[in-house]
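I opened my notebook to look a few things up in this structure. Come along and check each entry against the picture.

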Amino acid sequence: MLRLASLGSGSKGNATLVASQDTVVLIDCGFGVREMMARLPRLGLEITDIDAVLVTHEHSDHIAGVSAVAKAASAPIYATHGTRQSGKLDSARSVVEIESDSRFAVGDIEVSAVTVPHDARQPVQYRFFHNGVAVGVLTDLGCVSAHVQKAFSGCDMLLLEFNHDLDMLRRGPYPATLKRRVAGDYGHLNNDQAMTMLTSMTSGTPNIVVAGHISEQNNSLEAVSERLGDWSKASQTQVIYATQSQGFDWISSDTAPLSVNVA
Ligand SMILES: [Zn+2]
Ligand SMILES: [Zn+2]
């Protein structure tokens, strides 16, 4: 059994948790120690319960709190060489350097670090395995590469970026350069790209999909749920929406799929 939860998801800060019975892994931390102390109790955790902190890339919504929180948790940090070289991690703390597209173990959870197209030095996203269950955490990518498609197929639970609605981004307040960056192949997934990822999975769809890293400026829950609605009914997939302020509560690979009446 694996569980997945978030303490916040979006450009103002991310902190995702994956846990087995015995191991708790924090993926990214855009929040400081005080903020984490305030947010962790709603998942029934204390900061010292965290066994490891895995970093995806050096953008501040993912890395800002990593060093301080890892220190408070007495937990090792895992990051790629490029992420480490960004200088955004406290050099006084030891970092376990991981290779892109390698597999390693954290406690009883097996982790796979998957290269993604994003405008950082050596970004990866993670897939987790435990007792035949697979959980994917996949945000901050500009397009769905064949490599990503393959690596994240067959997850039981998948946290997937639904960053922006392309029309809302085009009409929205961002300066032109930022619009180009977000929409580009090394920026963020739009709602249609995220749907393409889901509908073209080769080895079965997840039981639960979490829509995450949803832009507060350039997207809306309505726009995302409009895309996911019919598909989730047809595929009998449970859909959850991660928010910036709350993230989402624990979901478990044991959770039975929703029984949906397909009329
Ligand atoms: Zn991000
Ligand atoms: Zn990023």
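Which residues are linked in a network of salt bridges? I found Asp-165, Asp-192 and Arg-227 in it. A reminder to myself: this is a predicted model.

**Entry 1: the salt bridges**

I looked up the count, and it comes to 7 salt bridges.

I began with a pair from the network. The side chains of Asp-192 and Arg-227 meet with 2.8 Å from N to O. This pair links distant parts of the chain: Asp-192 sits in helix α8 (residues 191-199) and Arg-227 in helix α9, 35 residues apart. I then checked how open these two residues are. Asp-192 counts as partly exposed because its relative accessibility is 41%. Arg-227 has 24%, so it counts as partly exposed too.

Next I turned to Arg-84, which forms a salt bridge with Glu-97. Their closest N and O atoms are 3.1 Å apart. Arg-84 lies in helix α4 (residues 81-85) and Glu-97 in strand β6, so the pair ties together parts that are 13 residues apart in sequence. Arg-84 has a relative accessible area of 36%, so I noted it as partly exposed. Glu-97, at 37%, is also partly exposed.

My last pair here was Arg-181 with Asp-119, whose closest N and O atoms are 2.5 Å apart. Arg-181 belongs to helix α7 (residues 176-183), while Asp-119 is in the loop between β8 and β9; 62 residues separate them. For Arg-181 I wrote down partly exposed, with a relative accessible area of 31%. For Asp-119 I wrote down partly exposed and 31% as well.

**Entry 2: the zinc ion (ligand 2)**

Which residues are the protein donors of the zinc ion (ligand 2)? I listed His-57 (NE2), His-59 (ND1), His-118 (NE2) and Asp-140 (OD), at 2.2 to 2.4 Å from the ion. Along the chain, I read their spacing as H-x1-H-x58-H-x21-D.

I also looked at the angles among the 4 donor atoms of ligand 2, which run from 92 to 169°. The site is irregular. For four donors to count as tetrahedral, all angles must lie between 85 and 135 degrees, so I could see why that label does not fit a site reaching 169°.

Then I traced two of these donors, since they come from distant parts of the chain. His-118 is in the loop between β8 (109-115) and β9 (124-130), and Asp-140 is in the loop between β10 (133-138) and α5 (146-151), 22 residues apart. Both His-118 and Asp-140 are buried.

**Entry 3: the zinc ion (ligand 1)**

I found a second set of donors around the zinc ion (ligand 1): Asp-61 (OD), His-62 (NE2), Asp-140 (OD) and His-213 (NE2), lying 2.1 to 2.3 Å from it. What links the two zinc ions? Asp-140 bridges them, and they lie 3.7 Å apart.

The 4 donor atoms of ligand 1 make angles of 91 to 160°, and I noted this site as irregular. Its donors follow the spacing D-H-x77-D-x72-H. Asp-61 lies in helix α2 (residues 60-63) and His-213 in the loop between β12 (208-212) and α9 (221-235), so this pair ties together parts that are 152 residues apart in sequence.

Are these two donors buried or exposed? Asp-61 is buried because its relative accessibility is 10%. His-213 is buried as well, at 2%.

**Entry 4: two backbone angles**

I reminded myself that most residues other than glycine have a negative phi. Against that background I looked up Asp-28, which is not a glycine but has a positive phi of about 65°. I located Asp-28 in the loop between β3 (24-27) and α1 (33-39). With a relative accessible area of 3%, Asp-28 is buried.

Asp-101 also has a positive phi, of about 60°, without being a glycine. I placed it in the loop between β6 (95-98) and β7 (103-106). Asp-101 is partly exposed, with a relative accessible area of 42%.

**Entry 5: the cysteines**

How many disulfides does the structure hold? I counted 0. Cys-155 is in no disulfide, and the nearest cysteine sulfur, that of Cys-143, is 18 Å away. Cys-155 counts as buried because its relative accessibility is 2%. I checked Cys-29 too, and at 0% it is buried.

Terms used
Residues numbered from 1 in each chain as written. Chains lettered and ligands numbered in written order. Predicted model: local features only at pLDDT ≥ 70, side-chain atom pairs only at ≥ 80, totals over all residues. Heavy atoms only, no water. Disulfide = S-S within 2.5 Å. Buried < 20%, exposed > 50% of the residue type's maximum accessible area, 1.4 Å probe, protein only. Donors = N, O, S within 2.8 Å, 3.2 Å for Na, K, Ca; no water. Tetrahedral: all angles 85-135°; square planar, octahedral: opposite > 155°, others 65-115°. Helix = DSSP H or I, 4+ residues; strand = E, 2+ residues; numbered from the N terminus. Salt bridge = Lys/Arg side-chain N within 4 Å of Asp/Glu carboxyl O.
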